[in-house]
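Student: I have a structure open and would like to learn how to read its features one by one. Could you take me through some of them?

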Amino acid sequence: MQATIPVSSPLQTTSTVTDQTAISTQTNNMALVPAPPSETPLFAEVDMCSDSSATTVRATVVQASTVFYDSPATLDKAERLLAEAAGYGSQLVVFPEAFIGGYPRGSSFGAIIGSRTAKGREDFRKYHASAIDVPGPEVDRLAAMAGKYKVYLVMGVIEREGYTLYCTVLFFDSQGHYMGKHRKIMPTAVERIVWGFGDGSTIPVFATPIGKIGAAICWENRMPLLRTAMYGKGIEIYCAPTADSRDTWQATMTHIALEGGCFVLSANQFCRRKDYPPPPEYVFLGAEEDLTPDSVVCAGGSVIISPLGTVLAGPNYDGEALISADLDLGEIARAKFDFDVVGHYSRPEVLSLTVRDHPTNAVTFTSASAKTEASHK
């Protein structure tokens, strides 16, 4: 079963989901209707002791826009969307790249080779102020939301560490615990001006009762060695938060599903010009004069694909939506019967990969190391 559910207006409360009666489906006529609160939900929470190989998991990718420069309001919106997804029985919910903190589409931050503008520096200051610390109060709230709605949560954020920003994905379990993070290891093009680079210490794959979950962000999904590292960790549910809404993105997602023998869940924002601050506060460089408030500046394309390359839900280009599908984890073994990229289809005597998975730090203090050594004597 799969469904695409238009999300409620950001100004509405979470209860509005129970008033929806029409849900568009793209491959069948079965409507996914939330059970009344007094009834048994459509999908019970997964038994924590169950065999994951026999599990069916309901997953949702969120296609919605950030409230730019307003992370508290974006967190409120995230909770409304999470509540809607949970109301339809979702056990795993994936949000887009940079959902908390915002994707600075169209902005140059006033940077050209050899100089920066005063406005660009101020744009960075405001963007830095909208980012979140990890750990921090926003992370605590996201963890509480995951626990409240009993879902595994994968959330794209802009992480602030000192005065460097990272494009990051945070992972939370259904009991309300923060599990860890992935920092984008290679920002694309002008993204490198405003985001730092992740390292090998944040390429996690988490073993959970609903499958082994990890994430790669946007165009780092096109990096074969990064994908191979994740395959080597046994990833089963491959999350791909992105900012790419082009048709070619779909080919990348299908290829990864087939290559990795895994489910691929890609979440992108759907944004109109009015979802960003108006000019001159925020300017889409080179395009502002052609845009109206209702112009689409990111068309979404969120999608869920099976390990055999079958599109289970999406891609959606129509607006903000919750895009859901039921994942039969038995499909992973069926797919890997044909092709196991780091198993029977690998040739380690010819080709191999070494991943340097230790943190890289700019500064190391020997006095701290000496104290640690002394305490062990």
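Tutor: Let's begin with P135, which sits in the loop between α2 (118–130) and α3. Keep in mind that this is a predicted model.

Student: Which kind of peptide bond joins V134 and P135?

Tutor: The general idea is that most peptide bonds are trans. Here, a cis peptide bond links V134 to P135, with omega at about 5°. Another cis peptide bond joins P279 and P280, and omega is about 5° there too. P280 belongs to the loop between β13 (270–272) and β14 (296–299).

Student: Which backbone angles should I look at next?

Tutor: Try phi. Most residues other than glycine have a negative value. Y69 is not a glycine, yet its phi is positive, about 65°. You will find Y69 in the loop between β2 (56–63) and α1. C218 is also a residue other than glycine with a positive phi, near 50°. Its place is in the loop between β10 and α5 (224–232).

Student: Is C218 buried or exposed?

Tutor: The cut-off for buried is under 20% relative accessible area. C218 has 5%, so it is buried.

Student: Now the strands, please. How does pairing work?

Tutor: Strands of a sheet pair through backbone hydrogen bonds, either parallel or antiparallel. Strand β6 (residues 152–161) is a good case, as 9 of its 10 residues are buried, so the rest of the structure largely encloses this strand. β6 pairs with β3 in the parallel sense over 3 bridges, and V93 stands opposite L153 of β6. With β7, β6 pairs in the antiparallel sense over 9 bridges; there V154 stands opposite F171.

Student: How many residues lie between β6 and β7 in their hairpin?

Tutor: There are 2, and G162 in the turn has a positive phi of about 65°. Follow the chain on through β7 (residues 164–172) to β8 (residues 178–183), and you meet antiparallel pairing over 5 bridges. In that pairing, V169 has H182 of β8 as its bridge partner. The hairpin of β7 and β8 has 5 residues between the strands, and G176 takes a positive phi near 90°.

Student: What is the strand order in the open sheet of 6 strands?

Tutor: The order is β9-β10-β11-β12-β15-β16, and the pairing is mixed. β9 (205–208) and β16 (311–316) are the edge strands; each has a single partner strand, so one side of each lacks a neighbour in the sheet. On average, neighbouring strands of this sheet are turned by 15° against each other, direction ignored. At the β9 edge, 4 bridges join β9 to strand β10 (residues 211–215) in an antiparallel arrangement, with A207 opposite K212.

Student: And helices? At what angle do the axes of α1 and α3 cross?

Tutor: For helix pairs, look at the angle between the axes. Helix α1 (residues 71–87) and helix α3 (residues 137–149) have axes that come within 10 Å and cross at roughly 15°. The two helices are therefore roughly parallel to each other, as angles under 35 degrees count that way. The crossing of α1 past α3 is right-handed.

Student: Which residue does the UniProt annotation "active site" cover?

Tutor: In the unreviewed UniProt entry, that annotation covers E97. E97 lies in the loop between β3 (92–94) and β4 (111–112), and this residue is buried at 2% relative accessible area. Its side chain makes a polar contact of 2.9 Å with the side chain of K184.

Student: Where does S107 lie, and what does its side chain reach at 3.4 Å?

Tutor: S107 is likewise in the loop between β3 and β4. The S107 side chain reaches the backbone nitrogen of F109 at 3.4 Å. With 18% relative accessibility, S107 counts as buried.

Student: Could you finish with one buried residue and one exposed residue?

Tutor: Gladly! S324, in strand β17 (residues 321–328), counts as buried at 3% relative accessibility. The side chain of S324 makes a polar contact of 2.6 Å with that of T60. A333, in helix α7 (residues 330–338), is exposed, with a relative accessible area of 55%. A333 and P307 are 26 residues apart in sequence, and their C-alpha atoms are 8.9 Å apart in space.

Definitions and conventions: Residues are numbered from 1 along each chain as its sequence is written. This is a predicted model: local features need pLDDT of at least 70, side-chain atom pairs count only at pLDDT 80 or more; totals for chains, interfaces and linings use all residues. Side-chain values use heavy atoms; hydrogens and water are left out. Buried means under 20% relative accessible area, exposed over 50%, partly exposed in between (1.4 Å probe, protein chains only). A polar contact is a pair of N or O atoms within 3.5 Å; within protein, one must be able to donate a hydrogen and the other to accept it, and residues adjacent in sequence count only if both atoms are side-chain atoms. Two strands pair if DSSP finds at least two bridges between them. UniProt positions are given in the numbering used here, feature names are shortened, and annotations may be inferred rather than shown by experiment. Axes are lines fitted to C-alpha atoms, for helices over the stretch in contact, and angles run from 0 to 180 degrees between N-to-C directions. Angles under 35 degrees count as roughly parallel, over 145 as roughly antiparallel, 65 to 115 as roughly perpendicular and the rest as oblique. A crossing is left-handed if the near helix is turned anticlockwise from the far one by less than a right angle, and right-handed if clockwise.
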